[in-house]
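How do two helices in a protein lie against each other, and how do aromatic rings meet? The following paragraphs consider these two topics in turn.

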Amino acid sequence: MPVIIQSNEIEDIQTPDGGVMRLHVVRPAGPGRFPGVLFFSEIYQVTDPIRRLAAMVAGQGYLVAIPEVYHEYESPGTILRYDQTGTDRGNALKTTKTVAAFDADAKLGLAALSSNAACTGRLATMGVCLGGHLAYRAALNPSVSAAACFYATDIHSGTLGAGKADDSLARMNELRAETLFVWGRQDPHVPFAGRQIIRARLEEVGARYEWHEVNAAHAFLRDEGPRYDPALFIQSIGWMLAMFQRTLSC
């Protein structure tokens, strides 16, 4: 059955510091209640490729919310460009913002989803690049049933946030959500040795996870630019949707 989506909703959430975190909400347009997916973007915030991916997921019957990850430093609605200036800015903010602040955003976003009248209360996370790491950390919250982490940066090196000393590997024993990890084998940001570190830790803690390594570069899901691989996009998102269907059905 075709699903028409509503993609222009925003929700501005007050943060403890007196600021605002903007959520971009994409959902099926018809009546009903749907599982919620908190979707963390790459370092460029809510770009057109991120919106298109969110629309595709929402069209499968999910209520998708995308937070602006750098809301403390950029005005609501700011998009960083896919150029050197945008990349430098995004990478700089990734290690300016504290890990505690990233975690606080996740809790706010999950609470906003669960309280949305169109949400069933079943929650998942997903993310790409920086967002893959944030999706994993958000899944440490017990309310999250599943997390899809695509080429998640910095987990293996423990270098997310101010001070470049996150505790993501150390906290993996807290993970109760089922997780999906998808990696590009030609991705220089997460080399083979780094992937081995993450998988070994997943095994050590007895995590419920699915693991795929494909022949692709970093950001191969981004449907803009030279690294996009449409065939692997379809395959990878299929893995995620199968997990969501399995874990989020009421």
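When the directions of two helices are compared, angles under 35 degrees count as roughly parallel, over 145 as roughly antiparallel, 65 to 115 as roughly perpendicular, and the rest as oblique. The model shown here is predicted. In it, helix α1, residues 48-58, packs with helix α6, residues 230-248, at an angle of about 50°, and their axes are 12 Å apart. The two helices, α1 and α6, are therefore oblique to each other.

The crossing in which α1 passes α6 is right-handed. On the side of α1, the contact is made by Leu53, Met56 and Val57, and on the side of α6 by Phe233, Ile237, Met240 and Leu241. What is the character of the residues in the contact of α1 with α6? Seven are nonpolar, while none is polar and none is charged.

The second topic is the aromatic rings. The structure holds eight aromatic pairs. One of them joins Tyr209 and Trp211 in an edge-to-face arrangement, with 6.3 Å centre to centre and 85° between the planes. Residues under 20% relative accessible area count as buried. Tyr209, at 18%, is therefore buried, and Trp211, at 12%, is buried as well.

Another edge-to-face pair is formed by Tyr228 and Phe233, with 6.1 Å centre to centre and 75° between the planes. Here Tyr228 is partly exposed, with a relative accessible area of 28%, whereas Phe233 is buried, at 14%. Phe233 also belongs to the contact of α6 with α1. Finally, Tyr209 and Trp211 form one aromatic cluster with Phe181 and Trp183.

Definitions and conventions:
Residues are numbered from 1 along each chain as its sequence is written. This is a predicted model: local features need pLDDT of at least 70, side-chain atom pairs count only at pLDDT 80 or more; totals for chains, interfaces and linings use all residues. Side-chain values use heavy atoms; hydrogens and water are left out. Axes are lines fitted to C-alpha atoms, for helices over the stretch in contact, and angles run from 0 to 180 degrees between N-to-C directions. Helices (H or I, at least four residues) and strands (E, at least two) are DSSP runs, numbered from the N terminus. A crossing is left-handed if the near helix is turned anticlockwise from the far one by less than a right angle, and right-handed if clockwise. Contact means heavy atoms within 4.5 Å. Ala, Val, Leu, Ile, Met, Phe, Trp, Tyr, Cys and Pro count as nonpolar, Asp, Glu, Lys and Arg as charged, and the others, Gly among them, as polar. Rings of Phe, Tyr and Trp (its six-membered ring) pair if their centres lie within 6.5 Å; planes under 30 degrees apart count as stacked, over 60 as edge-to-face and the rest as tilted. Buried means under 20% relative accessible area, exposed over 50%, partly exposed in between (1.4 Å probe, protein chains only).
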